[in-house]
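Trainee: I have a model open and some questions about it. Can we go through them one by one?

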Protein chains: 2
Amino acid sequence: MSTTAKQSTASTTREILIRRFKALLPAEQVLSSAEDLHPYECDGLSAYRKLPLAVVLPDTIEQVQKIVELCAELDVPVVARGAGTGLSGGALPHDQGVLLSLARFNRILQVDPQQRVARVQPGVRNLAISEAAAPFGLYYAPDPSSQIACSIGGNVAENAGGVHCLKYGLTVHNIQQLKVVTIDGELLTIGGSGLDAAGYDLLALMTGSEGMLGVIVEVTVKLLPKPERAQVILAAFDDVVNAGQAVGNIISAGIIPAGLEMMDKLAIQAAEDFVHAGYPVGAAAILLCELDGTNEEVSAHVYQVREILNQSGATEVRTADSEAERMNFWKGRKAAFPAVGRISPDYYCMDGTIPRKHLPEVLRKMADMSKEYDLPVANVFHAGDGNLHPLILYDANKPGELERTEEFGGKILELCVEVGGTITGEHGVGMEKINQMCVQFDALELTQFHAIKNALDPKGLLNPGKAVPTLHRCAEFGAMHVHHGELPFPELDRF
Amino acid sequence: MSTTAKQSTASTTREILIRRFKALLPAEQVLSSAEDLHPYECDGLSAYRKLPLAVVLPDTIEQVQKIVELCAELDVPVVARGAGTGLSGGALPHDQGVLLSLARFNRILQVDPQQRVARVQPGVRNLAISEAAAPFGLYYAPDPSSQIACSIGGNVAENAGGVHCLKYGLTVHNIQQLKVVTIDGELLTIGGSGLDAAGYDLLALMTGSEGMLGVIVEVTVKLLPKPERAQVILAAFDDVVNAGQAVGNIISAGIIPAGLEMMDKLAIQAAEDFVHAGYPVGAAAILLCELDGTNEEVSAHVYQVREILNQSGATEVRTADSEAERMNFWKGRKAAFPAVGRISPDYYCMDGTIPRKHLPEVLRKMADMSKEYDLPVANVFHAGDGNLHPLILYDANKPGELERTEEFGGKILELCVEVGGTITGEHGVGMEKINQMCVQFDALELTQFHAIKNALDPKGLLNPGKAVPTLHRCAEFGAMHVHHGELPFPELDRF
């Protein structure tokens, strides 16, 4: 089809869509002017931008069902979007598709302190759940950095993490039930209130599936009792390798801290300049180790962790003795991203996970690559679970620098895979890491993913082009490990 | 086809199979005589018995791949079997199929204390993993009652639980990676060593899939550090409802015990008569509450739990002050099943899960049903996570009593669904609960399961007839909730 013919088909589809949407929804819930579409052109990964054919803002499950049914009828892609804070481009619109915003699904439907669950709509902000649960002494554990803004539906779609996931698990470990609209417009309830659920584990399958298997319209999250006490220790090191070793020593001692974070020299300096948290500027690395639990447990653990840090070669170990001091210790860590934003025109936040034991080696290799690519890297990350967040500093206005940054970022992810890790810790794959999926998985594994996708969305209309690359794309990327001399099930290689 | 024609085709298939298997495997690894097949005719659910066409005992992954490939080529069902201790008939042979025993896969391949994982073959016994990890101060947390005998591959297939799952989670929460042979004979590695994994969560999907999506040939389990101290409290109640309430009160106080078990009058009496643990005979119910962690934490929690138990109306609260006393407290609980076996010719162990808050109501209703069916019930169960194990006492030699027992058991599971629970806690669905799957799930939900099955095993050769009923079967059972007036995707209703 010629480009003009394609455009004209698209424009016809667009007109039909908008007309049909307007019959389903009040006028203010259907956006189609360029001006109205622009705010939706990207999510937190601003390097990719696209305009959808239309944006729809349903506020009932029935409306979502009808929207999806209509898209299926017209073979139009559907991209669901929560708060749009994702960092891997998972909510990037499809230029021939509809953006389905769940912003109006913002109600907390129930907080049940006895069952320790909250039933919420997908557009509810992560932090709002903990706020609603606070009067009962409860909270929702996963805490992405964006928790003040990100919505729970997106958290589920990306299987989001956060500082406290080391002890309390990822989103998948903290939800109990989902209501999902399938591509046929059917409303499916998965999971349940029991410990185990019969049948295949669709709850885990849906979590982290990046909007490719269904549209989440309700989430029941588990709530945890607020720990009696939380205390944080700050340790400085004059060598990143020692800091990495200390992380292993704490975990090997059988202690699971509530959070165990590392910042390197560049990150410490940037954070200190920005928020003046009193960090030991000049240290090669700091660790922040938070311990929570009963009073007795925390006292015992604080003592033990201080010992371990000293034995691991810490040059300084401080314990926050008041809640004000604890907040101050965290202030620098929490401000680290914007702080790095102050010292560089642009930065690119990577997200990969490695087995903890490879921390020293990977940090060293990243430092070498930083020199090779002539791009500084600041490290601020969840050391306890080996979840790296290297921030590559660059200037998008310098020709070629964005491309060099993206290549460097890709190499970091490949290094994670090389040492037995994965290309995502908590940000998902989205558009950003789709090529690295070809490094992480072989053709057989990708084929299983495609078979699952085919089972639940045979026409491939839900968030196409994200998260799981086609075998064809991998072959082009040059990373396809072809199995037994041929691509298996080539008929599935269309998503 | 006439019965005779069917038998002759089966016998031809059988001959071909056995000839081909003997070309693949040493003679002693292919069993085909009636005498050799008999030990495999059932698993722990002895009410169902079937002989397979042949039993194969591979000892390498390559052999498993070739066996499965051959079965796929000849359209012959394959049922994988570990130690055969399962209680829902998941490893029941298929009378037109091959039983693939993983008994020879009994090696612990690696214990890595730094990464806190063990890589083991699927036939390794659950307890053997903890024994191998003990020198490093580590253990594998899920502890089904059968842990001395059951194998880890079966634990994964059934997503097994145990006393300690309240605090430490089910099998799915304690494994990291699986190697699986697909129905095409391909070797697939799923999961990884990082916190999160990119792509759909096939690890969770495979766990609990009861051998219907692939054959597990290697398992990497997570290991936990042994807690510094464990202490158990025994509380007696003169009313089951108070005991149920106490469970809720402990959990609501923000305490997660390592185990929280309940036994009722009949179970207490039977256990005491058998092992003389010193239980308070005559009590309506006892609770056993185990607390573990650091010394300080356990001391604080023991104090707090004793207070709660007293306030909840316990008539007696005892704390085990030595390890010998702790083992003694547990002795009665651990011997409860054989103890009930001594007082009744037969018993049927049920397994369902309910939201904790419905415990008192469900216990009361079961007592009513017990009168109605004229069959005594002993209750011994994981109260903390609402996982019931009612033991229905009956005599298989009395005409009609087995049928009445099965009907009563089915009603208990339906009651679990009615109050928002599930028909399995940790035993799986297998053959036993396949009709109740129709009560738990509607046609749309079952259709999603069939779509997943179709994606990974399109010919339905892996453990057919288990875990997920056909829509047809549900319609016959009279429990199909027909959606929009018709069965969706009838073409998928063939597994």
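Trainee: How much space lies in the largest cavity?

Mentor: This is a predicted model, where local features need pLDDT of at least 70, side-chain atom pairs count only at pLDDT 80 or more, and totals for chains, interfaces and linings use all residues. Residues are numbered from 1 along each chain as written, chains are lettered from A in the order written, and side-chain values use heavy atoms, without hydrogens or water. A cavity is a set of points, on a 1 Å grid over the protein atoms alone, where a 1.4 Å probe fits but cannot get out. Points join across faces, edges and corners, and the space filled by probe spheres set on them, in the largest cavity, is about 40 Å³.

Trainee: Which residues line the largest cavity?

Mentor: Lining residues have an atom within 4 Å of a point. By class, the lining has 1 nonpolar, 4 polar and 2 charged residues. Ala, Val, Leu, Ile, Met, Phe, Trp, Tyr, Cys and Pro count as nonpolar, Asp, Glu, Lys and Arg as charged, and the others, Gly among them, as polar. The lining is Gly248(A), Ile251(A), Ser252(A), Arg356(A), Lys357(A), Gln114(B) and Gln115(B).

Trainee: What rotation superposes chain A on chain B?

Mentor: Copies are superposed by least squares on C-alpha atoms of residues with pLDDT of at least 70 in both. The shift along the axis is 0.0 Å and the RMSD is 0.0 Å, with a rotation of 180°. The copies are thus related as by a two-fold rotation axis.

Trainee: How are H10(A) and H10(B) oriented to each other?

Mentor: Helices are DSSP runs (H or I, at least four residues), numbered from the N terminus. Axes are lines fitted to C-alpha atoms over the stretch in contact, with angles from 0 to 180 degrees between N-to-C directions. The two axes come within 7 Å and cross at roughly 175°. Angles over 145 degrees count as roughly antiparallel, so H10(A) and H10(B) are roughly antiparallel.

Trainee: Which residues make that contact?

Mentor: Contact means heavy atoms within 4.5 Å. The residues divide into 2 nonpolar, no polar and 4 charged. They are Glu296(A), Glu297(A), Ala300(A), Glu296(B), Glu297(B) and Ala300(B).

Methods
On a 1 Å grid over the protein atoms alone, a cavity is a set of points where a 1.4 Å probe fits but cannot get out, and a pocket is an open set with protein on both sides within 12 Å along at least five of seven lines; lining residues have an atom within 4 Å of a point. Helices (H or I, at least four residues) and strands (E, at least two) are DSSP runs, numbered from the N terminus. Angles under 35 degrees count as roughly parallel, over 145 as roughly antiparallel, 65 to 115 as roughly perpendicular and the rest as oblique.
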